[in-house]
Amino acid sequence: MSFVGLGRDEEQRMLKEIGVARFEDLLAAIPQEVLLEHPPRIPGPLSEIELRRLLGRWARENHAAELVSFQGGGIYDHWIPAAVDALASRSEFVTAYTPYQPEVAQGTLTAIFEFQSMMAELTGCDVANASMYDGATATVEAALLARRQTGRKRVVVAGMVHPHVLAVLRTYLDPDEVSHVGDTAGLAVPADVKAALGPDSACVIYQQPNFFGLVEDPPALHAIAHEAGALAIAVCDPIALALLEPPGRTGADIVVGEAQSLGSPMSFGGPLLGYFAAKQSLLRGLPGRLVAETVDRQGRRGFVLTLQTREQHIRREKATSNICTNQGLMALRATIHMGLLGRLGLREVAELCVQKSHHAARLAAGIPGYALAHEAPFFREFVLRCPVEARRVVEAGLEFGVSPGINLGRFRPEWKDLLLVAVTELRDAGEIDRWAQTLHRAGGAR
Amino acid sequence: MRYPDDVRYTAEHEWARLENGIITIGVTSYATEQLGDVVFVELPEIGVRLEALKTFGVIEAVKTVSDLFAPVSGEVLERNGALSDNPALVNQDPFGEGWILRLRPSDPGEYAKLMSNVDYERHVEEQHA
Amino acid sequence: MIMPRRLLIEQGGAGHRGPALPACDVPQRPLAELLPGVVLRAELVFPQVSEPEVVRHFTELSTLNHHVDRGFYPLGSCTMKYNPKIDEELAGLAGFAKAHPLAGDDATQGCLRAMAEVQRLLAEITGFAAVTTQPAAGAHGEMTGLLMMRAYHRSRGEGERRRRVIVPDSAHGTNPASVSLVGYETVVIPSGPDATVDLDALAKALDDRTAAVMLTVPNTVGLFEPRVLEVTRMAHAAGAQCYMDGANLNALVGRVRPGDLGFDVMHINVHKTFSTPHGGGGPGAGPVAVAKHLEPFLPTPVAVLQQDGRVRLDWERPQSIGRVHSFNGNFSILLRALAYMLTLGPEGLAEVSRVAILNANYLMRRLAKSYDLPNPQACMHEFVLSGRGLKKYGVRTLDVAKRLLDFGVHAPTVYFPLIVEEALMIEPTETETFDRLDHFATAMERIAVEAAEDAELLHQAPHTTPVGRLDEARASREPRLRWSIP
C-alpha cells in the first residue's frame, strides 16, 4: 500500500516512452553497493483497521488525556469552538502548499492577512508576521532581530520567563551572551534589570504573564530597556492580551509568544503556534513570511506574500532567518478562533480565567498547609506552596480524576514543594471542588 | 547607442557620471530590466566613505535582491531622497531621475578606468550569450 | 467563483457575536480587586460576526485554494503527495490531542511510545543511529544538525578553527541561511557542467577550516550525486562532517539509506516524504537523524525505550546541545508520519520511490520534446526544465507557470534552482496516476504552442482563477500588512 495508482500496462507505456527496458536502468547513477537488497526492516503494512486498533490503544495509554486538567506552564486547556475544527480540517486548507502562486491561494493568503491583523491589534504592535514554530523560537528570533538592529550581543532575560524558552535561547545563542536576572517575590525587578544592562545589551526579554502566572509591569521594563539603548521584547500569552494593556502600546519593540491557547489542542506540546509582532520601524528585519494586500490587473483586491527579499529563498546566507515552513494551519485555527470569539468572546474568556483561577486560589488558601507562593496579581495561573512534595499532589489527583497542576520540582529541585496551577474558562465549579479535594487528600496524607 | 555616452560603467551594471568634480552614480537600464520592478533601495548615510568595487547598499525588486557596488571611491555627499517614496524611478529613468548617490571622488584616476558605453554594451552582450 | 468582497472586520458589527460562553459559576469579585494596580486594555478592536457568517467566510475562502485533494501539484522539492485521511483521524484522537506535555512520563506512555517508534523507524529507514523529533520543520532541523556538528568539533578542540560550511550553488536557500544562524560562514562551490558536485571545486574548498559539507541528495536538479561516496570520503579525510539535506528523500526511501552514503547527519521533512499535510505553509516536522558519534549531542529530551517496555524521556545528556523547541516538536505531525510508515510497511516504502522516479522520468522525456532539458541524464523523483527556448517569443517561465493555473494544475517550482536559467522544477510524486501526468503533459505541450502563437494569452494568464496576476511591486513598495478598521 503506497497510495500509488499505476496499472501494469501504464508502467510499460511509461518505460517505453522513457526508453529503458526496466525500472532499474533509471538508477545507473547510484553506486551498486548502496542499493538496498531488502527494504528497511520496519513493521507493516497495516490496514486502516489494524492501524486504528494499534494507535487507538496507544492513545488510551495516555491517561493524562482523561483527567480534568489544571496544567498550564505554557500549554493550556482552553475551549476550542466546534467550528474551528470543522473549518480548519477542510482539505482546501489542510492539503494546500505555501501560497507561492497567489492566484490559486487567496484562501490561505486572506486568512494569514486576517491573522496578522488580529495579532497586531492584540499585541498593540504595528505589524505581525504569518507565524513562527512556537513561543520559544519566536523569542529567539526576536533576540536575533534585536542583535542585528542594535549591533550588540547581550540578551538580558528579566525574571520568570518560561524555563524552556530560556533553554532554547541558550541553545541558539552563545550561553555566555544570555544574562538571566532572577525574580524577587516572583516578579522581575526593574532596578535589578537595570543593573544588569550595559553598553553591550541588545534587548530585555520578559514574559507577561510570567511563568508563575504573575502580571509584570511592562512600562517600567520598557523604559529601562530603552534607557540602555536596548530593545524591549515581551513574551505574551494572547488570551491575557485580551484583558491587559498591550505591551506594544507602552513601548515594547517586539511582542512574541505562544498562541496555542488560540484554538489549538495541547497535542503533547505540538504543533504549537509562535507569533511575532513588532514596530513598523523593524519591518525589514522581521523573520518569516508576511502577507500584504494589493490588487490584480483588474483592480480586484487580493493578497500576496511580500517583502520576500528578507527570506532565505532569496537572501540566502544574509536572510533575516532560516525559517521556511511555519505553522500555517495553526495560524488558521487561531484566526478562526479569534473570529468566532470576537471582540466580546475573547475578553470573556480572559475574565473567566481570572475569576476561576482566583476562586481556586481562595479555596486552596483555606486548605491547611497550602499557601499562595506569591502575592502579586496573577492572571490564570498561580503557584501553590504545598505541605508535601508537589508530585504527591499530582499523584493524588488520579483518585479524583484531575491533573491538579504541574510539579515545579521537575524544573528545579528547590521548587519541589511548588505546584503550578492553571484554571481556564473550561473548568466548572464542580471540577474546581474536585481539585480542592485533591489538595486536601494529598495534604492530609502527610 | 543603447547606453548613454556621458557616463561610464562597471561590470556590475552601475554607472557613474562626472560633473564639476562630483560623481553621480546609479544602475543601468540593463540592471533594471534584469531586476524587474524595484521596490526598495538601501543607501549609506551621508558622509560615509565608499571604496571602489565594494558593496555600499542593496537594491531590491519583488523577488530578487542585488548588492550595489561603488564604481569609484569617495565620500557620500547626497542621496536621492525621492527613491524612498518612489523606488520605481530607478526603473522609469535609470540614467536620470533614478540616480542613487552623489560622491566626492577620492581618487580621480578611478573614473577613467571605468568602461565606456561601447565596452559596456559588449560586456552585456557577452553575459547574454 | 467570486472573490469574497469583505474581510471579517468588514462584516457584522455591534450586536453580532459568535458562540456563547457559559455564565461564571464561581463567586465573582470585581477585576479591580483581583488585579490591583494592573492596567487593563481600553478596547479590543476585533470582528463581531455571528457563527454562521464566520463559517461562511472561511468556507468561501477555502474554495479559493488549489490543494492536493483537488488537483495536481507538481512543485519541485515540495513532494506534494496525497495525505491519507486515516492519519488525520488518528492524530486527532482525544488520547493524543488532550495530552499535556508536562503531564509526566507515566501519564503519557502512549505519546512516548509513538515518539520512540518514530525515532526507531526513521533511524532504520535512513540508516542512522539515533533521531531527534524536536525540530518543527526542515530548516529547524538543519540548524539543529549544524549545532550538533559544531558541538562535535568543539568537543574535539576544533570548534574555533572549523567554521566554514561548503554548500553547492544548487542548494536550497535554507542551507546558507541555517549556516549563518549558527555563526558559520558559507562557502559556495559551483556545480559541474552536469549539475552535480564538481570534485575539483570541492577539493579546493576543503581544508582544516571546513566544519561541514552540506549536500542535497538527490540534488535540486533531481540527479543522484554519482560521486557521493567520494564526496563524503573527501570531506571526512579533511576532518569535516557531512550533512544531508533530506528534502528529496522521497527519491531514496526504501531503496538507499543516506547513512550508507557516508553522511553523519540529515534532516527529514516528514511533510514531504512521509506525507503529512502542508497546511498552507505548515506545520511540518524536521526530525534529525545522526550517526553514532553525534548521538551524545542530540537535543534533550530523547524518548528512550527501557528494558521493562516503558518509554521515558531522557534528560541526562551532558553533551546535549540543549532544547530547540518549547516542548516535543510537532508531535501530532509525527504521529501522522508514523501512521503513514506503518500503512506502507517495507515494500510500500520502496514502492514510493520506485513510482516517484518512474513518474518523473516519464514526464521528463515527454516534456523534453517541448521544453529545454539542460540535464538529460535519467532523473530521480524530479527534474528541471528550462523555459529559455520561449524567450524568443517574449514568453518567460513565469508566464508558463501562470497559464498552467488555467488548466487546473498548480505551477511547478519556478526560477529554482538558481543554476538553471528560467527553471521549471517538476516533481510529480508517486501518488499521481498516468492519466493525471498525461493531462499535465498535454497542458504543458499546449502552452509551448501557445507561446509561439499567442504570447499575449500567456502574458495575461491566468484567466480562470479567482483573481488575476497581482501587483506584487505595489505590495512591496507600500506594504499593507493589516486590515484597516471600517
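Trainee: How much area is buried between domain 2 of chain A and domain 3 of chain A?

Mentor: This is a predicted model, and the figure is computed from it. Carbon and sulfur atoms give 73% of the area buried between domain 2 of chain A and domain 3 of chain A. The total is about 2300 Å².

Trainee: Which three residues supply the most area on the side of domain 2 of chain A?

Mentor: Three residues together supply 24% of the area that domain 2 of chain A buries against domain 3 of chain A. No other three residues give more. They are Ile75(A), Leu346(A) and Phe379(A).

Trainee: Which residues form a salt bridge with a closest N to O distance of 2.9 Å?

Mentor: Between domain 2 of chain A and domain 3 of chain A the count is one salt bridge. By the domain bounds, domain 2 of chain A covers 69-79 + 343-444 and domain 3 of chain A covers 82-337. A salt bridge needs a side-chain nitrogen of Lys or Arg within 4 Å of a carboxyl oxygen of Asp or Glu. The pair at 2.9 Å is Arg380(A) and Asp237(A).

Trainee: Which element gives the largest share of the side of domain 2 of chain A that touches domain 3 of chain A?

Mentor: There are five residue pairs in polar contact between domain 2 of chain A and domain 3 of chain A, both residues at pLDDT 80 or more. Two elements give two or more residues to the side of domain 2 of chain A: helix 12 (328-365) and strand 12 (381-385) of chain A. The largest share is six residues, and the element that gives it is helix 12 of chain A.

Trainee: How many nonpolar residues does that side of domain 2 of chain A have?

Mentor: The contact takes 27 residues from domain 2 of chain A and 28 residues from domain 3 of chain A. By class, the side of domain 2 of chain A has four polar and six charged residues. The nonpolar residues number 17.

Trainee: Turning to the contact of two chains, how much area do chain B and chain A bury between them?

Mentor: The contact takes ten residues from chain B and six residues from chain A. Of the buried area, 48% is on carbon and sulfur atoms. The area is about 670 Å².

Trainee: Which residue of chain B meets Arg315(A) in a salt bridge?

Mentor: The count between chain B and chain A is three salt bridges. In one of them, N and O lie 3.5 Å apart, and that is within the 4 Å that a salt bridge allows. The partner of Arg315(A) is Glu60(B).

Trainee: Which strand gives the most to the side of chain B that touches chain A?

Mentor: The elements of chain B that give two or more residues to this side are strand 4 (38-42), strand 6 (55-61) and strand 7 (65-69). One of them gives three residues, the most of any. That is strand 6 of chain B.

Trainee: What kind of aromatic pair do Tyr9(B) and Phe95(B) form?

Mentor: The structure holds 22 aromatic pairs over all chains. In this one, the centres are 6.3 Å apart and the planes stand at 75°. Planes over 60 degrees apart count as edge-to-face. The pair of Tyr9(B) and Phe95(B) is therefore edge-to-face.

Terms used
Residues numbered from 1 in each chain as written. Chains lettered and ligands numbered in written order. Predicted model: local features only at pLDDT ≥ 70, side-chain atom pairs only at ≥ 80, totals over all residues. Heavy atoms only, no water. Contact = heavy atoms within 4.5 Å. Buried area = accessible area lost by both parts, 1.4 Å probe. Helix = DSSP H or I, 4+ residues; strand = E, 2+ residues; numbered from the N terminus. Phe/Tyr/Trp six-rings, centres within 6.5 Å; stacked < 30°, edge-to-face > 60°. Domains from an automatic or database assignment. Polar contact = N/O pair within 3.5 Å; in protein donor to acceptor, adjacent residues only side chain to side chain. Nonpolar A, V, L, I, M, F, W, Y, C, P; charged D, E, K, R; others polar.
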